[in-house]
Amino acid sequence: MGLLAVIGGSGFQHLGGLEVVSTEQPETPFGPVSAPIVRGELAGRPVLFLARHGAGHRLPPHRVNYRANLWALHACGAERVVGLAAVGGITAAFGPRVIALPDQIVDYTHGREHSFHDGESYPVHHVDFTDPYCAPLRAALRAACAVAGVPVVATATYGATQGPRLETAGEIARMERDGCDLVGMTGMPEAVLARELGLCYASLAFVVNWAAGKGEGAIAMAEIEGHLAHCTGPVERILAALAAAA
Ligand code: HPA
């Protein structure tokens with residue numbers, strides 16, 4: 001299988017287990033990437049890593065230059081991309097610390113540069129997005145979860161919100177009616193830009209809180225951080241198993 005890239009979000013400024021070989025910051029027609037792209041080895045296999053929110057988590061979800069990031073990974077030779085996603089859980093099966101492989105997306109974001117095919121950079125084109133994630137990569141991730149001994153929920157609908165604020169309880173109730181199981185802020189336009197470039201993209205999501213109105217009272221950052229810290233090890237083991245299987 002082709003060169004694997006990992007886009008790290010909250011909790012993943014670096015990728016544990018990745019032995020760094022070099023870093024590069026390609027020029028892109030769309031401006032700067034979030035951070036230098038790290039070329040390294042994971043489980044003895046070549047892997048690229050990019051911190052989505054930049055050094056020190058300085059870029060909020062609506063200011064991430066998704067076009068530059070995907071374009072640069074593609075230019076560096078990536079063929080498969082795993083987007084890590086810390087998410088809120090909406091439906092009953094998706095409580096904190098659950099790890100999930102979303103298979104569908106509902107996009108609530110707005111005002112983001114969300115296409116290469118804007119009639120300027122590339123000609124107008126309507127890419128198929130019926131199944132937004134790459135099935136072979138989802139299957140490989142599922143197998144990697146089994147190898148790593150990490151339980152996973154193999155289907156989920158991911159709702160992408162604008163942020164940076166968390167949602168209201170009313171918005172989450174609406175998202176549940178829409179069929180969303182998970183809520184996060186970065187899944188779009190990342191997934192569609194990968195599709196436009198012909199990259200095989202999948203999301204590896206881990207639940208760090210009950211979404212607004214689904215838990216007890218307000219969402220506490222300390223709670224999110226605790227669940228995030230718990231998920232780091234299992235997620236890194238899954239990625240190592242994925243890399244090793246390539
Ligand atoms: N909402 C949106 N994005 C998130 C959440 C949430 O509750 N938790 C982690 N990322």
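This report looks at the ligand site and a few backbone oddities in a predicted model.

## Ground rules

Residues are numbered from 1 along each chain as its sequence is written, and side-chain values use heavy atoms, with hydrogens and water left out. Because the model is predicted, local features need pLDDT of at least 70 and side-chain atom pairs count only at pLDDT 80 or more, while totals for chains, interfaces and linings use all residues.

## Around the ligand

The shell around the ligand (residues with a heavy atom within 4 Å of it) is made up of Ala86, Val87, Gly88, Leu166, Glu167, Val183, Gly184, Met185, Val208 and Asn209. Strand 5 (80–89) gives two or more residues to it, as do strand 9 (182–184) and strand 10 (200–210); strands here are DSSP E runs of at least two residues, and helices are H or I runs of at least four, both numbered from the N terminus. The largest share, three residues, comes from strand 5.

Now for the ligand's nitrogen atoms. One is 2.6 Å from an N or O atom in the side chain of Asn209, and one is 2.7 Å from such an atom in Glu167. A polar backbone atom of Ala86 is 3.2 Å from a ligand nitrogen.

## Cis peptide bonds

Most peptide bonds are trans. A cis bond joins Gly163 and Pro164, with omega about -5 degrees; Pro164 is in the loop between strand 8 (157–160) and helix 3 (169–177). Another cis bond joins Met188 and Pro189, with omega about 10 degrees, and Pro189 is in helix 4 (residues 187–196).

Definitions and conventions:
A polar contact is a pair of N or O atoms within 3.5 Å; within protein, one must be able to donate a hydrogen and the other to accept it, and residues adjacent in sequence count only if both atoms are side-chain atoms.
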